[in-house]
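Thanks for making time this morning. I would like to walk through one model with you, beginning with its charged pairs and then moving on to a helix and the surface.

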Amino acid sequence: MRALPLREGWIYEVIVCTSLDGTPHAAPFGTWTDDRVGLEFLMYEGSRTLRNVLATRELIVAFPADVHTLFAALFAPGGLTFGRALTVGAPTLDGAQATVELTVDGTRPVEDAVRVSAMPRRVAVEGDVTPLNRADGLLLESLVLATRAELPGAPAVLPVLDENLRVVRKVAPGSAAERDLEALVRRLRSASSA
Ligand SMILES: Cc1cc2nc3c(=O)[nH]c(=O)nc-3n(C[C@H](O)[C@H](O)[C@H](O)COP(=O)(O)O)c2cc1C
């Protein structure tokens with residue numbers, strides 16, 4: 001796991017691959033590590049992935065090469081191709097930057113979701129890994145919005161930036177994106193109240 005450039009507590013967007021009856025299944029999920037040893041998930045009730053994970057207690061995490069793979073998993077799954085893992089029955093995803101084979105270590109209900117803790121059995125890394133995290137994209141969108149906010153328009157933009165900041169704090173606590181976005185919100189707020 002230490003071969004993967006993951007920051008503790010940050011949430012990364014990955015593809016979770018599972019299989020219940022031999023049919024490969026893939027869906028996007030967020031994952032994080034608290035200790036750079038195991039991976040954690042919050043899986044909302046009702047997904048096929050959660051059903052498969054609870055039934056087989058095995059999963060693959062594929063770190064995708066691009067955001068398009070997340071789109072494909074949801075809306076064009078026929079374009080995804082799969083391989084065989086070495087230590088678990090779940091399928092690997094072709095083209096992943098990194099693949100982690102995991103078994104479930106523990107599960108506990110959290111409101112309308114299940115917190116799944118999983119331990120890696122094998123990690124395979126293909127070249128450079130740039131895990132997907134939402135913070136930089138949100139900062140970028142916030143910057144564009146801020147430059148469009150004429151002073152009278154600033155109050156309309158602020159709730160969007162507040163929401164972006166909420167998400168950045170969740171997915172990348174302590175990041176440069178968080179500091180920049182906090183500064184941006186402060187500037188716009190003082191400009192709009194002046
Ligand atoms: C980028 C991204 C991240 C997601 N993260 C989660 C997550 O952490 N937990 C969750 O329950 N659903 C998450 N989802 C929603 C699931 O992918 C979605 O519910 C999916 O339809 C589940 O598919 P399935 O029922 O085929 O397993 C995420 C979706 C996207 C696009």
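**Salt bridges, a helix and a patch**

Let me start with Glu40 and Arg115, whose side chains meet in a salt bridge at 2.8 Å, N to O, where a salt bridge is a side-chain nitrogen of Lys or Arg within 4 Å of a carboxyl oxygen of Asp or Glu. This pair links distant parts of the chain, with Glu40 in strand S3 (residues 39–44) and Arg115 in strand S8 (residues 113–125), 75 residues apart. Helices (H or I, at least four residues) and strands (E, at least two) are DSSP runs, numbered from the N terminus.

Before going further, I should say that this is a predicted model, in which local features need pLDDT of at least 70 and side-chain atom pairs count only at pLDDT 80 or more, while totals for chains, interfaces and linings use all residues. Residues are numbered from 1 along each chain as its sequence is written, and side-chain values use heavy atoms, with hydrogens and water left out.

Are Glu40 and Arg115 buried or exposed? Both are buried, meaning under 20% relative accessible area, with exposed being over 50% and partly exposed in between (1.4 Å probe, protein chains only). Glu40 and Arg115 are also linked with Asp34 in a network of salt bridges.

Strand S8 also holds Arg122, and Glu101 lies in strand S7 (residues 98–110), so their pairing ties together parts that are 21 residues apart in sequence. The closest N and O atoms of this salt bridge are 3.4 Å apart; Glu101 is buried, at 2% relative accessible area, whereas Arg122 is partly exposed, at 32%.

A further salt bridge joins the side chains of Glu163 and Arg166 at 2.8 Å, N to O, and these residues, three apart in helix H4 (residues 154–171), are separated by about one helical turn. Glu163 is partly exposed at 36% relative accessible area, and Arg166 is likewise partly exposed at 45%.

Turning to helix H3, Ala135, Leu138, Leu139, Ser142 and Ala146 are buried. Seen down the axis, the buried residues of H3 fall within an arc of 100°, so they line one face of the helix; the arc is that of the directions from the helix axis to the C-beta atoms. On the other side of H3, Asp136, Leu140, Thr147 and Arg148 are exposed.

Finally, Phe75 is found in helix H2 (residues 68–75), and this residue is exposed, with a relative accessible area of 61%.
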